[in-house]
Amino acid sequence: MRVLLLLFIGLGVMFGLELPRTHVVDTKWLEKNLDNPKLKIIDVRSQKEYNETHIKNAVNVPKDAFFKGVLGNVQKLYTSPEELEKTFQYSGIKKDDIVLFYSAGTVDEDFADGASGVWNAWIYGFENGIILDGGIAKWIDEKRETTKELPVVTKSDFAFTSFKKSDIASIDEILEAIFDDDIQIADARTSKAYLGELHRKDIPRSGRIPTAKLTPVKNLVSKIDNKYYLLLSKKDAEKTLNNNGFGIDLNKPMITYCNTGHKARGVWFVSKFLVGIKNVSVYDGGMVEYSLTNLKIDTGEPID
């Protein structure tokens, strides 16, 4: 009996994984835990990129899987629970697993591809999503092992059991925030989009939501040796978001948006997990939805 108990304890230590507080891990952590059965790995790049090479045990779920929703003329809203459940089931994910999402790491905003996976799972109550800092680009640069072999996956019976409305902002909540000084709006796009100098076919009226502060997602990473991008430290991310007092107040609720939700999910991830802003949500309809209304849109430099 004592031998069985010791064996059970040993297995618990071997299989046990601690969820990182920041929901970010580095390549050393991943290599150490690569074969842990409680870790599931999702490669969010294209199937072509995945087939060329990927990290061992990774299942390919291209980022488009996290933009499957449709609301009227607005595309790329959050994925339905039924679709995401199927994705998790066919990836072999169980409710007590930790799921690591990794991107290419070669573009300043592509960490948001992994953050989109974390956010989609988070709003349905699955809080064990993490991302790999530096993506596969850092992994390869460090000459860590990659493969072309497909992993053997056993389908799971994964099911979502809740819905976190607090991490999603509706257009009504955006309107409320415009008139409430205690609710901030953060624009995760580039300055040209913010100023109304970029135009898209799916956005009839260019510009920004009134009162929005410019918080580009690309400013939340730094390029290393011209090879890959790493997330800023907590201290540097706080400084970047706050922008010497002209940006985000780290102690107030915040709604972040972009055009379709991609960049906004990156800002959500950094603000929530690295910086620790307590109340952060994503307006996932973004400018695609907002520009279809008759609500006011601002352009040019902010007056105040």
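**Exercise 1.** In this predicted model, determine over which residues pLDDT stays under 50, and how the coordinates there should be read.

*Solution.* The stretch is residues 1-14, where pLDDT stays under 50. For these residues the model has one contact beyond four places in sequence. Where pLDDT is low, the predicted coordinates should not be read in detail. The protein chain as a whole has a mean pLDDT of 92, and 94% of its residues reach 70 or more.

**Exercise 2.** Compare the expected span of helix α10 with the distance between its end C-alpha atoms.

*Solution.* Helix α10 covers residues 262-275, which makes 14 residues. The expected span is 1.5 Å times one less than the number of residues. This gives 20 Å, and because the end C-alpha atoms are 19 Å apart, the two values agree. As for its surroundings, 14 of the 14 residues of α10 are buried. Just after the helix, Gly276 takes a positive phi of about 90 degrees.

**Exercise 3.** Decide whether Gly134 is buried or exposed, and state which residues it touches.

*Solution.* Gly134 lies in the loop between β8 and α6. Buried means under 20% relative accessible area. Gly134 has 5%, so it is buried. Residues up to four places away in sequence aside, Gly134 touches Ala104, Gly105, Tyr228, Tyr229 and Leu230.

**Exercise 4.** Establish where Arg208 lies and which side chain of opposite charge is nearest to it.

*Solution.* Arg208 lies in the loop between α8 and β11. Arg208 is buried, and the nearest side chain of opposite charge is Asp298, 4.7 Å away. A salt bridge requires a distance within 4 Å, and Arg208 has none. Its side chain does reach the backbone oxygen of Tyr194 at 3.1 Å.

Notes: Residues are numbered from 1 along each chain as its sequence is written. This is a predicted model: local features need pLDDT of at least 70, side-chain atom pairs count only at pLDDT 80 or more; totals for chains, interfaces and linings use all residues. Side-chain values use heavy atoms; hydrogens and water are left out. pLDDT is the predictor's confidence in each residue, from 0 to 100. Contact means heavy atoms within 4.5 Å. Helices (H or I, at least four residues) and strands (E, at least two) are DSSP runs, numbered from the N terminus. Buried means under 20% relative accessible area, exposed over 50%, partly exposed in between (1.4 Å probe, protein chains only). Lys and Arg count as positive and Asp and Glu as negative; His and the chain ends are not counted. A polar contact is a pair of N or O atoms within 3.5 Å; within protein, one must be able to donate a hydrogen and the other to accept it, and residues adjacent in sequence count only if both atoms are side-chain atoms.
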